[in-house]
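Here is a short briefing on one protein chain. Keep the sequence and the 3D view open while you read.

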Amino acid sequence: MRQLIEQLVDRALEEGIITTDEVTELDTIEIDENKIGGIMMSNFADDVYEIVQKIFSNLSEVIIRKNKALILKNLNNGKIIWDLLFSSFLPNISKNKFVFKINVLIDDNTIIGDMLSAFDNVYCVRTNVNEVATGLCLGTKHFLIDGDEVSLLSFAKKDTNTSAWVEKGSYIDIPYNDVVSFNNHLKRTAQNLLANYYATH
């Protein structure tokens, strides 16, 4: 089970949605992609069902659909497996969707590969910081916050470049130091931008 939704599990663990013990619990469910009948007849243990429900209820739809695409692509019976095991977990609730442009401050010491690993979708695949120009779109990070889908659209920014086209439409500049603190900063930024939106509209 864990391998089927590994991206979702890793993200849920990273965000504190589930615990390491719950991750271990997911490993107890074995699924054979070539034995659809067995999947149809199987039932999740209550605790495993609750863990999967917690993951799907607290992660962005963008991340969930990205994981679905992998299952459909990589497994012979991917569509059937997804429909049987996971389709019922998707809430049928229309969510408000927000996209906020932010700038990520980089310099010649920034380890670009590490920084890009924090994003859910990456648009810059260069590894040399000197090739990452100011204003270049780096990628997106997606969050589900209080039932709202919040996407951060991130662009590179260097202190030496303050061009108007770099600043235009950007809500905030955030620094990159290391992956862990950067991930935490991205989530806090998404929460703050959403709260500010509701406070001013």
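Helices here are DSSP runs of H or I with at least four residues, numbered from the N terminus. By that count, V48 is found in helix α4, which covers residues 46-58. The model is a predicted one. The points below go from the whole chain to its largest pocket, then to three single residues.

**Overall build**
- The chain holds nine helices and five strands.
- Read from the N terminus, the order of elements is α-α-α-α-α-α-β-α-β-β-β-α-β-α.
- Along the principal axes, the C-alpha atoms fill a box of roughly 60 × 40 × 30 Å.
- Of the 201 residues in the chain, 42% are buried.
- Take the contacts between residues at least 6 apart in sequence: 65% of them join residues at least 24 apart.

**Surface and charge**
- About 11100 Å² of the chain is exposed.
- Carbon and sulfur atoms supply 50% of that exposed area.
- The chain carries 19 positive and 28 negative charges.
- The mean positions of these two sets of charges lie 8 Å apart.

**Largest pocket**
- The largest pocket has about 240 Å³ of space.
- Its lining consists of 13 residues.
- Q7, R11, S117, F119 and D120 are the lining residues nearest the pocket centre.
- Which helices each supply at least two residues of the lining? They are α1 (6-14), α5 (61-74) and α9 (179-200).
- α1 gives the most to this lining, with four residues.

**V48, in helix α4**
- Is V48 buried or exposed? V48 is buried, because its relative accessible area is 0% and the cut-off for buried is under 20%.
- Setting aside neighbours within four places in sequence, V48 contacts E25, L26, T28 and I29.
- V48 and I112 are 64 residues apart in sequence. Their C-alpha atoms are 37 Å apart in space.

**E131, in a loop**
- E131 sits in the loop between β2 (121-122) and β3 (137-145).
- The relative accessible area of E131 is 45%, so E131 counts as partly exposed. That class runs between the 20% limit for buried and the 50% limit for exposed.
- E131 and V104 are 27 residues apart in sequence. In space, the pair is 15 Å apart, C-alpha to C-alpha.

**D146, in a loop**
- D146 lies in the loop between β3 and β4 (148-157).
- D146 is exposed, because its relative accessibility is 77% and exposed means over 50%.
- What is the sign of phi at D146, positive or negative? Phi of D146 is positive, near 50°, in a residue other than glycine.
- Most residues other than glycine have a negative phi.

Terms used
Residues numbered from 1 in each chain as written. Predicted model: local features only at pLDDT ≥ 70, side-chain atom pairs only at ≥ 80, totals over all residues. Heavy atoms only, no water. Buried < 20%, exposed > 50% of the residue type's maximum accessible area, 1.4 Å probe, protein only. Contact = heavy atoms within 4.5 Å. Areas by Shrake-Rupley, 256 points an atom, 1.4 Å probe, with all protein chains shown as cover. Lys, Arg positive; Asp, Glu negative; His and termini not counted. Charge placed at Lys NZ, Arg CZ, Asp CG, Glu CD. 1 Å grid on protein atoms, 1.4 Å probe; cavity = no way out; pocket = protein on both sides within 12 Å on 5 of 7 lines; lining within 4 Å. Points joined across faces, edges and corners; volume = space filled by probe spheres on them.
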